[in-house]
Structure formats: C-alpha cells, structure tokens
Amino acid sequence: MMTGDTRHAPTSPHTEVAVNSAPSSTLCRTVRNAVAALALAGLAVGTGASGASAAGDATTSYVALGDSMASGPLIPDITGPVACGRSTHNYAHELAASIGASLRDVTCSGAKSTHMTEKQSLSLLDIPMGSAPPQFDALRADTDLVTLTIGGNDAGLVGIAQDCMTLDPTATPCKDKLTEGGVDQVAQRIAAFAPRLAAVLDGIHQRSPQARVIVTGYGLYIKPGGCWPLQPVLPVDADFLQGSVDRMNTVIAEQSAAHGAEYVDVAAPSKGHDACQAPSDKWVEGYVPTAAAAPLHPNRQGEAAYARIIGAHLQGS
C-alpha cells in the first residue's frame with residue numbers, strides 16, 4: 001500500500017516479489033474493475049496540453065520530479081502523457097499555485113531512479129503508450145525549486161503490497177516469505193536504492209546548481225495492526241508493509257541530508273488519514289478506492305495535504 005504503481009492503472013511495469021498468500025480472484029477482479037473504470041473516467045475528462053504550466057508572473061521556476069505518489073494517477077484532471085497518470089491536482093500543481101511558481105511537472109507513474117536520466121516506457125491497461133523522456137530533461141541552470149519523490153518502484157513496494165492481499169484470516173502471512181531465512185528481501189531492496197538516490201540528488205545539483213531541492217518521503221498507508229478485512233492484509237503484514245515504507249523514508253532522509261537536499265516527512269502528519277479511515281478523512285486509497293484515485297495511492301485530499309506540508313516547510317526554513 002505504497003507508492004509506485006498499480007498493475008492495471010496508468011503505469012509501467014514494476015518488480016514484484018511472489019508470496020504464498022495469493023489474493024482471492026474475486027478481490028483481484030474487483031480491484032481491476034475499479035481501476036479500469038477510474039482510468040476510463042479520467043480519459044473522458046480529457047488531457048492537458050502540457051506537463052508545464054505557468055502561474056501568472058511568477059518568478060520562481062519549479063520542476064517536479066518523481067513517481068506516482070507525486071503524479072497523482074486517476075485524480076482528475078489528466079495533464080501530460082495519459083499513461084503517466086499526472087494530475088492537475090497533484091501536490092506539485094497545488095504547491096505551485098500556493099507559492100506562485102511557474103511549474104514544469106514531469107512526474108510519472110512507474111518512474112524509478114533510472115528514469116531521471118533514461119526514457120521511461122509507458123503503458124495503460126497493459127497497452128504500450130510510447131515513452132516519456134528522462135525527467136532530468138526538465139531541469140535548467142536557472143531552476144529555483146525542485147521537488148522529488150522516488151524509490152517506491154525501485155523497491156517494488158506496491159507489487160509487494162498487492163501480493164499480500166488475502167481474505168483468509170488463517171493464511172500464512174506474506175511477511176514469512178519475504179523474510180525467509182532471516183533475510184528481509186524488502187529491506188535489501190531499500191538498502192540498494194540508497195546509492196541510486198545519492199546519484200539522483202547529485203545529478204539535480206549538477207544540472208540546477210541554484211535550486212532548492214525538496215525530497216519527500218512516503219505517507220502513512222495503513223495504521224498499526226491494519227484493519228482487516230476492510231483493507232485485506234493480515235495485521236502482521238500491515239505492520240510489515242508500513243514498516244517497509246518507514247524504512248524507505250529513513251533512507252530518503254539520510255541520503256537527502258548527505259547530498260544537499262531537504263527532507264520533508266509526510267508520514268507523521270498523515271496519522272489518522274490512512275486507508276483504514278473514513279472516505280472523508282483518508283489521504284490514501286486502499287485496495288478498492290472510494291474516490292477518484294489509484295488503489296494504494298494518495299487521493300486528491302492527500303495530494304493537497306502534501307502540498308500544504310511542503311509549503312509550510314518552504315516558509316519555515
């Protein structure tokens with residue numbers, strides 16, 4: 001229940017870890033149908049002409065980089081490549097409007113750290129949809145502000161969360177498979193991401209030496225112990241999954257501090273807004289969305305909240 005991308009939402013493929021507790025076919029069909037319906041609804045709304053937008057006479061040049069936590073898949077309205085799932089109400093657009101900045105938003109669902117410097121193959125509902133240019137192409141020498149959210153797809157977090165779904169309370173926890181032999185496979189993936197993030201941050205500074213670089217972590221996706229069966233993961237797996245998100249956030253914070261960037265925590269302010277909460281309160285959707293947003297991703301309320309949190313950080317430091 002982490003960032004990254006859903007299998008049938010506007011994303012590109014991600015790496016997955018197979019586990020023993022396979023989700024029920026009925027639940028999988030429900031999730032697929034929900035995502036497909038939301039995708040079609042988003043297409044019906046239409047797409048914006050560009051990933052870049054200007055805010056009046058703004059003087060702050062702002063570039064938004066990142067994955068689907070930043071792009072806001074299936075939140076109306078779509079802008080840029082449809083398969084990137086980029087919303088006009090993601091946190092970058094909300095932040096740009098609040099601080100009066102000119103925005104170049106190149107966030108894209110499915111993005112990994114490699115897609116900062118390499119083009120990204122795109123797909124929608126498993127149909128090839130061309131490619132997106134390297135996100136670093138948006139950076140300029142005179143860029144003033146850069147935001148970055150990346151890492152979830154490097155570790156395959158959403159695929160892991162999907163594979164942990166179960167409606168059987170007696171099922172073997174997926175944590176058992178993922179930590180078999182005393183080796184936490186997810187922790188290994190997160191550790192391997194650390195030097196990649198370091199390289200990404202150094203690359204931003206090289207291309208935009210004047211820019212203030214803000215790096216967000218990922219949010220609170222499920223409360224301690226979870227809320228099975230509302231969100232169909234066993235309590236031990238809910239804690240393992242959110243614990244993996246927290247581990248990723250620690251790596252992001254450490255690498256940000258070591259490479260001249262500012263880390264913004266969005267998990268702590270998310271308490272009481274996880275996928276177990278009422279639709280009016282939650283900032284992230286669960287396995288079956290109750291709002292126009294991708295499963296296991298922030299909804300419009302969440303993106304707006306993240307923008308406020310980042311904005312407060314900018315003003316307070």
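This is a guided tour of a predicted model, taken stop by stop through its disulfides, salt bridges, unusual backbone positions and a few strands and helices.

**The disulfides**

Begin by displaying the cysteines, since a search of the whole structure finds three disulfides; with the bonded cysteines counted along the chain, they follow the pattern 1-2, 3-4, 5-6. A disulfide is a covalent bond between the sulfur atoms of two cysteines.

Select Cys84 and Cys108, whose sulfur atoms are 2.0 Å apart, and look along the bond, where a torsion of -85° makes the link left-handed. The pair joins distant parts of the chain, with Cys84 in the loop between E4 and helix H3 (91-99) and Cys108 in the loop between strand E5 (101-105) and E6, 24 residues apart. Cys84 is buried, with a relative accessible area of 0%, and Cys108 is buried as well, at 1%.

Next select Cys164 and Cys174, joined with an S to S distance of 1.9 Å. Here the torsion about the S-S bond is about 95°, so this disulfide is right-handed. Cys164 lies in the loop between helix H5 (157-163) and helix H6 (174-178), while Cys174 belongs to helix H6, ten residues apart from its partner. Cys164 has a relative accessible area of 0% and is buried; Cys174, at 1%, also counts as buried.

Then move to Cys227 and Cys276, with sulfur atoms 2.1 Å apart and a left-handed link of -90° about the S-S bond. Cys227 sits in the loop between E9 and H8 and Cys276 in the loop between E10 and H9, so the disulfide ties together parts that are 49 residues apart in sequence. Both of these cysteines are buried.

**The salt bridges**

Now show the charged side chains; a search of the whole structure finds four salt bridges, and three of them are visited here, among them the bridge between Glu262 and Arg212, whose closest N and O atoms are 2.8 Å apart. This pair links distant parts of the chain, Glu262 in strand E10 and Arg212 in strand E9, 50 residues apart. Glu262 is partly exposed at 25% relative accessibility, and Arg212 is likewise partly exposed, with a relative accessible area of 25%.

Select Lys282 and Glu285 next, where the side chains meet in a salt bridge of 3.5 Å, N to O. Lys282 is buried, with a relative accessible area of 3%, and Glu285 is buried at 1%. Glu285 lies in the loop between strand E10 (262-264) and helix H9 (300-316); if neighbours within four places in sequence are set aside, the residues in contact with Glu285 include Ala275, Thr290, Pro295, His297 and Asn299.

For a further pair, select Glu180 and Lys177, whose side chains form a salt bridge of 3.5 Å, N to O; Lys177 is partly exposed, at 29% relative accessibility.

**The hairpin of E6 and E7**

Select residues 120-124, which make up strand E6; four of its five residues are buried, so the strand is largely enclosed by the rest of the structure. Adding strand E7 (residues 127-132) shows an antiparallel pairing over four bridges, in which Ala132 of E7 is the bridge partner of Gln120. Two residues stand between the strands of this hairpin, and Leu125 takes a positive phi near 55°. Asp126, in the loop between E6 and E7, has a positive phi near 70°, and Asp126 is exposed, with a relative accessible area of 56%.

**Unusual backbone positions**

Most residues other than glycine have a negative phi, and most peptide bonds are trans. Against that background, select Leu74, in the loop between H2 and E4, whose phi is near 70° and which counts as buried at 9% relative accessibility. In the loop between helix H2 (68-71) and strand E4 (78-79) you will also find Asp77, joined to Pro76 by a cis peptide bond with omega about 0°.

Another cis peptide bond runs from Trp228 to Pro229, with omega near 5°, and Pro229 is found in the loop between strand E9 (212-216) and H8.

**Helix H8**

Finish by selecting residues 235-258, the 24 residues of helix H8, which reaches 35 Å from its first C-alpha to its last, close to the 34 Å expected at 1.5 Å a residue. Just after H8, select Gly260, which takes a positive phi of about 70°.

Methods:
Residues numbered from 1 in each chain as written. Predicted model: local features only at pLDDT ≥ 70, side-chain atom pairs only at ≥ 80, totals over all residues. Heavy atoms only, no water. Buried < 20%, exposed > 50% of the residue type's maximum accessible area, 1.4 Å probe, protein only. Pairing = 2+ DSSP bridges. Contact = heavy atoms within 4.5 Å. Expected span 1.5 Å × (residues − 1). Disulfide = S-S within 2.5 Å.
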